[in-house]
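User: Please go through the terms used for the structure below, and say how each one is applied.

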2 protein chains.
Amino acid sequence: MTTADTKSIPERKRGSGVRMVYDLLRDEILDLVLPPGSPIDEVQLAERFKMSRTPIREALVRLAGEGLIDTLPNRSTMVSNIDFLNMHTYFDALVLMYRVTTRLAAEHHRAEDLKVIHARQAEFAAAVQAQDALAMIATNAALHSAIAEAGRNPYFTGLFNRLLDEGRRILRLYYQSYNDRLPQRFVDEHEDMIAVIAARDVDAADRLAKAHAEQIVHQIQKLFTRNERLDMAL
Amino acid sequence: MTTADTKSIPERKRGSGVRMVYDLLRDEILDLVLPPGSPIDEVQLAERFKMSRTPIREALVRLAGEGLIDTLPNRSTMVSNIDFLNMHTYFDALVLMYRVTTRLAAEHHRAEDLKVIHARQAEFAAAVQAQDALAMIATNAALHSAIAEAGRNPYFTGLFNRLLDEGRRILRLYYQSYNDRLPQRFVDEHEDMIAVIAARDVDAADRLAKAHAEQIVHQIQKLFTRNERLDMAL
DNA sequence: TGCATTTTATTTGTCGACAAGAAATCGACG
DNA sequence: CGTCGATTTCTTGTCGACAAATAAAATGCA
């Protein structure tokens with residue numbers, strides 16, 4: 001294998017390059033590795049991935065379609081800003097989707113759904129145990145996405161996943177600042193929610209989901225008002 | 001100026017070609033001019049619009065991002081099918097968004113919002129009067145979009161507009177089959193909804209929106225079960 | 001004739017290059 | 001010394017062409 005190492009990864013399947021750069025950029029943006037306002041350079045990405053600008057451009061178009069990057073015509077393209085001003089409107093939408101999806105899960109779940117949900121919850125608990133903030137975000141989103149799937153309404157799950165993605169950056173800030181305090185409380189609340197889902201108690205599911213969501217929102221808003229004061233102090 | 005007329009419309013602003021073909025294809029798909037399953041040929045569009053395949057490709061990527069077209073890798077791309085099987089889940093989502101946006105409009109609207117809403121309602125009434133099905137769809141969506149805007153939650157309005165677009169093809173089928181019977185009832189229901197929004201009666205707004213949405217859903221489902229029977233008879 | 005395999009043909013995905021647009025740099029003039 | 005304008009530079013948008021992948025057609029064989 002001495003002749004092949006001139007190019008370590010020369011082989012790329014025909015349609016895979018776009019998804020690769022799309023997934024990577026998406027993750028880097030949502031995990032705040034690329035903070036809001038970061039410039040996105042096409043040629044830089046092109047030589048980094050050893051491909052032409054065309055597939056990179058396609059990935060950027062997709063990201064722009066999801067609102068993760070902003071493209072000024074004929075000018076630069078950059079990572080979109082987090083809309084702190086309308087954050088409360090985001091949380092209103094998030095709470096509603098939490099409630100709806102959990103309620104529907106209690107109504108329509110099947111046996112196989114519960115297995116997936118329990119597995120996701122175990123992964124979340126493990127992430128909390130390991131104090132891995134990034135894993136907490138991912139597994140938490142995966143758990144709630146699984147709950148939404150159990151509700152058997154693809155439109156709701158689509159809207160919900162969209163919202164979760166949009167908020168992943170805010171959650172990242174949240175977990176970033178709280179990685180000392182273990183959110184064990186979330187684990188317990190999740191357990192309660194899963195229990196009432198399994199029991200098909202629709203009203204309780206709605207109530208617990210509302211409380212769970214509003215608790216998170218309250219924590220985050222507390223964090224941001226504190227940060228606001230810090231910003232003003234500067 | 002005899003040398004310049006070899007190309008009648010050679011001038012195109014630099015970034016406008018993409019939006020042009022995007023808007024056109026989008027309208028043609030949503031208005032069922034391009035029915036589900038229609039093949040989309042890149043080179044055909046390229047020569048039709050007198051431009052390279054690159055900007056057409058970008059427009060197609062955007063449309064695929066919104067789920068309006070399906071792209072099989074390395075193979076054809078076609079207009080996406082309407083998901084009749086999960087249609088009731090769509091209506092569940094639509095009813096909920098109708099309720100939420102109308103409720104929020106009653107809560108948060110301002111004086112200038114009512115002006116816009118009244119204007120949209122007048123346009124819808126005019127479309128009904130003229131028995132213009134396409135205009136009914138457009139003005140009805142515009143009216144409800146304006147109501148959502150008055151709710152001052154950009155996330156809800158975004159999700160709602162997305163849903164309205166996805167359902168525009170179903171509504172097209174609906175109005176197509178009912179263009180003899182005037183949906184004057186919708187006009188009246190709209191008037192009632194606008195009245196309670198103006199009165200800031202949140203509960204009544206929620207109730208009327210729910211009834212309005214469910215009435216529409218009921219009509220459409222009635223239509224489709226009838227069509228189902230017709231299909232079975234073939 | 002029927003089936004498997006090769007060949008052709010068509011369509012997509014990718015590339016390198018060029019042109020347009022806007023910011024930055026430089027220079028001239030008041 | 002500052003301001004306005006031209007030029008340069010840098011990035012994006014577009015183009016034409018080529019390569020890969022797949023379906024369709026053609027060929028060979030039993």
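Analyst: A helix here is a DSSP run of H or I with at least four residues, a strand is a run of E with at least two, and both are numbered from the N terminus. This is a predicted model, in which local features need pLDDT of at least 70 and side-chain atom pairs need 80 or more, while totals for chains, interfaces and linings use all residues. Residues are numbered from 1 along each chain as its sequence is written, chains are lettered from A and ligands numbered from 1 in the order written, and side-chain values use heavy atoms, without hydrogens or water.

User: Which elements each supply at least two residues of the surface near DNA strand C?

Analyst: They are α3 (53-65) of chain A and α3 (53-65) of chain B. The most comes from α3(A), with three residues.

User: What makes a residue count as near DNA strand C, and which are the closest?

Analyst: A residue is near a strand if one of its heavy atoms lies within 4 Å of it. For DNA strand C there are 18 such residues, and the closest are A:Arg14, A:Ser52, A:Arg75, B:Arg53 and B:Arg57. Of the strand C atoms within 4 Å of the protein, 63% belong to sugar or phosphate, and the rest to bases.

User: Why is the pair between A:Arg75 and DNA strand C called a polar contact?

Analyst: A polar contact is a pair of N or O atoms within 3.5 Å; within protein, one must be able to donate a hydrogen and the other to accept it, and residues adjacent in sequence count only if both atoms are side-chain atoms. A side-chain N or O atom of A:Arg75 is 2.3 Å from a phosphate oxygen of DNA strand C, so the pair meets the limit. A:Ser52 uses a backbone N or O atom, which lies 2.6 Å from a phosphate oxygen of that strand. For B:Arg14, a polar side-chain atom is 3.1 Å from a sugar or linking oxygen of strand C.

User: Which residues come nearest to DNA strand D, and what does A:Arg53 touch there?

Analyst: Of the 19 residues around DNA strand D, the nearest are A:Arg53, A:Arg57, A:Arg75, B:Arg14 and B:Ser52. Sugar and phosphate make up 61% of the strand D atoms within 4 Å of the protein. A side-chain N or O atom of A:Arg53 is 2.8 Å from a base nitrogen of strand D. A:Arg14 and B:Arg75 pair instead with sugar or linking oxygens, at 3.2 Å for A:Arg14 and 3.2 Å for B:Arg75.

User: How are the residues of the surface near DNA strand D classed?

Analyst: Ala, Val, Leu, Ile, Met, Phe, Trp, Tyr, Cys and Pro count as nonpolar, Asp, Glu, Lys and Arg as charged, and the others, Gly among them, as polar. That divides the surface near strand D into four nonpolar, six polar and nine charged residues. The surface near strand C has four nonpolar, six polar and eight charged.

User: How do you know that chain A and chain B are in contact, and what area is buried between them?

Analyst: Contact means heavy atoms within 4.5 Å, and 22 residues of chain A and 22 of chain B take part. Buried area is the accessible area (1.4 Å probe) that two parts lose on being put together, summed over both. Between chain A and chain B this is about 2000 Å², with 70% from carbon and sulfur atoms. A:Val61, A:Tyr155 and A:Leu159 supply 30% of what chain A buries against chain B, more than any other three residues.

User: What makes a space a cavity rather than a pocket, and how many cavities of 30 Å³ or more are there?

Analyst: On a 1 Å grid over the protein atoms alone, a cavity is a set of points where a 1.4 Å probe fits but cannot get out, a pocket is an open set with protein on both sides within 12 Å along at least five of seven lines, and lining residues have an atom within 4 Å of a point. There are two cavities of 30 Å³ or more. The largest holds about 110 Å³, and its 14 lining residues include A:Leu94, A:Tyr98, A:Asn140, A:Leu171 and A:Ile216, which lie nearest its centre. Its lining has 12 nonpolar, two polar and no charged residues. α7(A) gives the largest share of that lining, six residues.

User: Which class is absent from the lining of the second largest pocket?

Analyst: That lining has 10 nonpolar, no polar and 13 charged residues. The pocket holds about 670 Å³. Closest to its centre, among 23 lining residues, are A:Leu96, A:Val100, B:Leu96, B:Arg99 and B:Val100. α4(B) gives the most to this lining, with eight residues.

Conventions: Grid points are joined across faces, edges and corners, and a volume is the space filled by probe spheres set on the points.
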